[in-house]
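Here are some short exercises to work through with the model open beside you. Try each task before reading its solution.

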Amino acid sequence: METRIRLLLLSIAIAACSGCASMHWPWHHPQSDATASASAGTDDSDASPPSVIEPQVERRTIKVPKIRPKDFEIGGYYGELSIQDFGAQPVAGARLDYHISEDLFVEATYGRAKGGKTSFELLSGNVQLLSDAERRFTYYNLSLGYNFLPGEVFIGRNLAMTSALYMIGGIGNVKFAGDQNFAINFGAGYRVLPTDWLALHIDVQDLVFKSNDIGVYQLKNNLQATIGATVFF
Amino acid sequence: MLALWSLSLVATPARAAHELLQLFVTEPYLELHTGPGRGYPVAQVVARGESVDVLFRRTDWFKVRTERGVEGWASAREMKLTTMADGAPFVVGLGDRAQFAHHRWEGGIFAGDYAGATLVAAYSALSITDNLKIELGLSQYTGNVSDGYTTEIGLAHVFMPEWRFSPLVDIGTGYVWVQPKATLAKPVDRSDELGYAGVGARYYLTRRFFVRADYRQYVVFTRTNANEVNEEWRLGFAFFY
């Protein structure tokens, strides 16, 4: 009797195990099952492998748009430069500014003018102190500016433009009378922006350098007043 | 007519191709000023949950456009509290000590002395790491005996970039163009290669600004038998971004 019960239990266990394959156990891999059935059914040409659904998800690459900085200003200016002893002459130049903060900016300028005749040359007739090439006055400045009075300008009821009164000072070089001279510059300017990208300038600066172009070393003050326009980029 | 209409349909997405960054206000409100400065009056506010499109940036101010099409200037300090469309915080460099230690570009202007001549110099540097920088320099000197220009390229190593006062060493090479001054015979301008090694220090001031001082020794590889050794010191104002 006992042996019969054992035999019955054993046969139930074997039957249960053979049924294991058809059950979906959580650790059972469906892929291996599919390949197993595919390899088993090679002799049967009609049997197609069970299709496995592959998710076709196209991942979107999200590109965060960049913010364009517009801290640089480039442009030109034109005005009058009073070259000490050589008269007031037209001057033209180019400028590049970089705005570091709302208060401070750095500026590089390059300008050219041509010195006129000294009073001595005018009075004494045919005397030439400098050659034509030597009369060329070229300079560059590397300056630091400070917007000390920022504000707004109103034209009529509908137009408001941001503006700033700034102080500027720096170092540079002046080439005049065939000689290079270390120079300092300082002055003030006014900037008004009719649009976000355009600025109009009025500047007054003094270019100071030491020179011996007339035989003795003396400090030369060269006042310059210009108007200009720049674009922000 | 139909063709024109279809053209305008095509043209619309093309115009919108230049995408603007959209940011969402998470604070109670975002203030919009009339100009890019702390003193300009607040003309508009954007409420929490609303968004703005960033048109461009000028220094620490952003020109933005609201959903209703109103434009104004928002400060970087306030923009830092907005989020992007996916909820991630908007990250913006404000120019502080952390950025002083970790930035990509820097530039500056120097005045100083090169072998007894007055020196004006400008430099720009690109950071490879926080410690190591590639430097490009241009300088002009004006002296009693000669004037000249130099161009240099070199490497600078900053010790402790996170310190407010950080020392550095640099080494590099370049060219010098010398224009001797003469009264009797006109000597010929010459150009020579040069090498330099120097020590320096930088000191963080505020925002994006620091001062920098350098002492360098230049060796000018002249065409004569003896090389020329020149000393240079310079002090300058620099900024990073």
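**Exercise 1. In which strand of chain A does A:Gly170 lie?**

Solution. Start with the ground rules: this is a predicted model, where local features need pLDDT of at least 70, side-chain atom pairs count only at pLDDT 80 or more, and totals for chains, interfaces and linings use all residues. Residues are numbered from 1 along each chain as its sequence is written, while chains are lettered from A and ligands numbered from 1 in the order in which they are written.

Step 1. Find A:Gly170 in strand S5 of chain A, which covers residues 159-176. Strands (E, at least two residues) and helices (H or I, at least four) are DSSP runs, numbered from the N terminus.

Step 2. Check the burial of A:Gly170: it counts as buried because 24 other C-beta atoms lie within 10 Å. The cut-offs are 20 or more such atoms within 10 Å for buried, 12 or fewer for exposed, and partly exposed in between, with C-beta atoms placed from the backbone.

Step 3. List the neighbours. Leaving out residues up to four places away in sequence, A:Gly170 touches A:Asn141, A:Leu142, A:Ser143, A:Leu144 and A:Asn185. Contact here asks for C-beta atoms, placed from the backbone, within 7 Å.

Step 4. Look at A:Gly145 too: it is 25 residues from A:Gly170 in sequence, and the C-alpha atoms are 8.6 Å apart.

**Exercise 2. Describe the overall form of chain B.**

Solution. Step 1. Count the elements: chain B has 3 helices and 14 strands.

Step 2. Compare with a globule. Chain B is more spread out than a compact globule, because its radius of gyration is 26 Å, well over the 18 Å that the globule rule gives for 241 residues. That radius is taken over C-alpha atoms, and the rule is 2.2 Å times the number of residues to the power 0.38.

Step 3. Add the dimensions: the C-alpha trace of chain B spans about 80 × 50 × 30 Å along its principal axes.

Step 4. Split the chain. Domain 1 of chain B covers 2-93 and domain 2 covers 99-240, bounds that come from an automatic or database domain assignment. Their centres, over C-alpha atoms, are separated by 42 Å.

**Exercise 3. How many bridges join S12(B) to strand S13 of chain B?**

Solution. Step 1. S12(B) and S13(B) (residues 209-221) run antiparallel, joined by 13 bridges. Two strands pair if DSSP finds at least two bridges between them.

Step 2. Go to the turn: B:Thr206 has B:Phe209 in S13(B) as its bridge partner. The hairpin has 2 residues between the strands, and B:Arg207 takes a positive phi near 45°.

Step 3. Turn to strand S11 (residues 165-180) of chain B, which is joined to S12 (residues 190-206) by 14 bridges, also antiparallel. B:Val176 stands opposite B:Asp192 in S12(B).

**Exercise 4. Work out what chain B offers to chain A, and how confident the predictor is.**

Solution. Step 1. Count the contacts: 30 residues of chain B are in contact with 25 residues of chain A.

Step 2. Find the main contributor on chain B's side: S4(B) gives the most, with 4 residues.

Step 3. Consult the confidence values. The complex has an ipTM of 0.80 and a pTM of 0.76. Chain B has a mean pLDDT (the predictor's confidence in each residue, from 0 to 100) of 87, and 90% of its residues reach 70 or more.

Step 4. Note the exception: over residues 1-17 of chain B, pLDDT stays under 50, and the model has 0 contacts beyond four places in sequence for them.

How values were computed. Contact = placed C-beta atoms within 7 Å.
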